[in-house]
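Reader: Hello! I am new to this structure and would love a close look at a single part of it. Could you take me through one place slowly, and then show me a little of what else is there?

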Amino acid sequence: MLSNNQEAFLAMLRAGLWEQKVRLSKSEDIDFYEISRLAEEQAVVGLIAAGIEHLEDVKVPQGLVLQLVGTTLQIEQQNTSMNTFIATLMEKVSSEGIYALLVKGQGVAQCYERPLWRTSGDVDLVMDELNYEAAKSYFKTICHEEGIEINNRLHIDYTIGSWVVELHGSLRNGLWDRMDKGIDQALHNSLSSENERLWNCNGTTIRLPLVDDDIIFVFTHILQHFFRNGIGMRQICDWCRLIWKYKDSLNHSLLESRIRNMRILTEWRAFAALAVYH
């Protein structure tokens, strides 16, 4: 059973996620500083800040409002700087003849009502094995620090200035073979398709996975964290916004067949119940 604070947190999260009005019951028992702590913990401060704007029946303590506004402005500035970095980086990568897709992060952020209010993480690039090897050689010349490569997953990270860039030659999560096979098929589809999904980032064209494939990438990434070390609400919100943004263009029959073939139907239903009912 959820506490009043947890129920209020989810109500405000919904309000911020969908830009809808919200009324809080039992408001006298709500500790808004605890809600702020949960927002920090779950990496959804921007959504809770947006949710406050839609509160109809409760006044949040002014000191906390100012604190959340300040943090949200920092998130906005961080995202603006990251977008500038991504635009410059992808121009350089492209000029080197390296073909890569931007996955997760800033690409998924574009599905939100306020992309700049989503808490950002690292920059993730995915490519085939040939481009992965070329990218490694190039990034060694421009990075300040090189991470340790995970060879069996074709994964390595580089620190460039204040940003961490992760290179992926595969998006497998190693949980079970049928899932990895489905991920491989989706990645091959996005990398080889002529129907590109593009994002105009500060005047630079950024390639993103096709949405039918991105749904698979985002959800299987959730499962990887869920089964190994836990997940936060931001990842659930990413999945919800991606599905919502493209609800009219998703290939539902393809999605269902992939979910069944990858044997993740039970997990999909469980997270769908969480998304729909909470």
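Author: Happily; here is a walk that starts at one buried residue and goes on to some helices.

This is a predicted model, in which local features need pLDDT of at least 70 and side-chain atom pairs count only at pLDDT 80 or more, while totals for chains, interfaces and linings use all residues. Residues are numbered from 1 along each chain as its sequence is written, and side-chain values use heavy atoms, with hydrogens and water left out.

Let us begin with Asp124, which sits in strand β2 (residues 123–126); helices (H or I, at least four residues) and strands (E, at least two) are DSSP runs, numbered from the N terminus. Asp124 has a relative accessible area of 6%, so it counts as buried (under 20% relative accessible area, with exposed over 50% and partly exposed in between, using a 1.4 Å probe and protein chains only). Its side chain makes a polar contact with the side chain of His168 at 2.8 Å, and another with the side chain of Lys104 at 3.4 Å. A polar contact is a pair of N or O atoms within 3.5 Å; within protein, one must be able to donate a hydrogen and the other to accept it, and residues adjacent in sequence count only if both atoms are side-chain atoms. Leaving aside neighbours within four places in sequence, Asp124 is in contact (heavy atoms within 4.5 Å) with Leu101, Leu102, Val103, Lys104, Glu166 and His168.

Gln224, in helix α8 (residues 211–228), is buried too, with a relative accessible area of 13%. Beyond its neighbours within four places in sequence, Gln224 touches Arg153, Asn173 and Leu175.

Now for a pair of helices. The axes of α10 (residues 252–261) and α11 (residues 265–277) come within 7 Å and cross at roughly 120°. Axes are lines fitted to C-alpha atoms, for helices over the stretch in contact, and angles run from 0 to 180 degrees between N-to-C directions. The two helices are therefore oblique to each other: angles under 35 degrees count as roughly parallel, over 145 as roughly antiparallel, 65 to 115 as roughly perpendicular and the rest as oblique. Leu255, Ile259 and Arg260 of α10 make the contact with Leu265, Trp268 and Arg269 of α11.

Finally, α2 (residues 32–41) and α4 (residues 62–95) pack at about 15°, with axes 10 Å apart, and are therefore roughly parallel.
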